[in-house]
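Trainee: I am new to this one. Please pick a part, take a close look and show me how its pieces fit with the rest.

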Amino acid sequence: MLLAVDVGNSQTVLATFDGDRRVGGWRVTTHAHATADELRLLWRGLLAGTELTGVAACSTVPALLPALRELLGSLAVPVTLIGPGVRTGVPLHVDNPREVGADRVVTALAAHELYGTAPDGHGRPVVVVDFGTSTNVDAVGPDGQFLGGALAPGVEVSHDALATRAAQLRSVELRVPPQAIGKNTVAALQSGLVLGFAGLVDGLVGRIAAELVAQFGTEPVVVATGGLHPLVADSCSSIGVREPDLTVHGLRLAFGRDQASGGGTASRRP
């Protein structure tokens, strides 16, 4: 089994793959200052009885990278840690490629591989909406090139900021309200956060899609992913496809490309 690990700011997603089929999956809270031993205990508990053949990982949490590298370096299977110098096959058409997070790169890879072919067999652009700690709206060209995108706060981040900085507001359950006109503080917050972010996404997708059509002459497919996509995607008119595991599928694909090119590492079992 291949283990794919996406370490995000709020949650870490782990998934096991048999070939291209996802077998198991877990979401756990990310602890930025966890040690390698703590990560090892967590992984062992989740993966009890699973024989690993490789590990692919990426992290958007710099503080956790040393512990993650220590753990990966102790494994007796091939390992790919996505970062600068790792061959993913994704051209980065941006001003500074080193600024692009590893998670956005592998998500773009999966978006192109899974959705970047039109019914007529030609390549088509993809817009990825990743609902996580931040809300990322990224553009992928018809040849799989990462073109850039837009970054906005995530729903939970905005919710926490309101509850912290507005004296008369409080934390509420994040769910889709029955109507846009909130009749009380809770309903008004839910409307502004959930429906407001749906409007933000639809607005950004519309602008990005228009730019892609102007550049490539083809309408993009719009894919929603990320841990918070079930909360907002239903209220978005622009979402065409849902794939909650897009990033770990990208890690699976990146692992295969990196290993085929002679990259990755293998070392002793702990």
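Mentor: Two strands pair if DSSP finds at least two bridges between them. Strands (E, at least two residues) and helices (H or I, at least four) are DSSP runs, numbered from the N terminus. This is a predicted model, where local features need pLDDT of at least 70, side-chain atom pairs count only at 80 or more, and totals for chains, interfaces and linings use all residues. Residues count from 1 along each chain as written, and side-chain values use heavy atoms, without hydrogens or water.

Start with the hairpin. Strand S7 covers residues 134-140, and strand S8 covers residues 146-153. S7 and S8 pair in the antiparallel sense, over 7 bridges. For one opposed pair, look at Ala 139: Gly 148 in S8 stands opposite. There are 5 residues between the strands. In this hairpin, Gly 144 takes a positive phi near 85°.

Now go on to helix H4, residues 155-165. H4 packs against helix H5, residues 185-216. Their axes (lines fitted to C-alpha atoms over the stretch in contact) lie 10 Å apart. The angle is about 150°, on a scale from 0 to 180 degrees between N-to-C directions. H4 is therefore roughly antiparallel to H5, a label for angles over 145 degrees. Which residues meet here? From H4 come Val 155, Ser 158, His 159 and Leu 162. From H5 come Leu 189, Leu 193 and Phe 197.

Stay on H5 for Ser 191, which is found in this helix. Ser 191 counts as buried because its relative accessibility is 10%, and buried means under 20% (1.4 Å probe, protein chains only). Ser 191 touches Pro 177, Gln 179, Ala 180 and Gly 196, leaving aside residues up to four places away in sequence. Touching means heavy atoms within 4.5 Å.

Last, set the hairpin beside an open sheet. This sheet has 5 strands, in the order S3-S2-S1-S4-S5, with mixed pairing. Its edge strands are S3 (21-29) and S5 (79-81), each paired on one side only. Neighbouring strands are turned by 15° against each other on average, direction ignored. Strand S4 (residues 54-59) and S5 run parallel, joined by 3 bridges. Ala 56 stands opposite Thr 80 in S5. Helix H1 (residues 36-46) packs on the sheet. H1 touches S1 (2-7), S2 (11-18), S3 and S4, and its direction makes about 135° with that of S3.

Methods: Angles under 35 degrees count as roughly parallel, over 145 as roughly antiparallel, 65 to 115 as roughly perpendicular and the rest as oblique. Buried means under 20% relative accessible area, exposed over 50%, partly exposed in between (1.4 Å probe, protein chains only).
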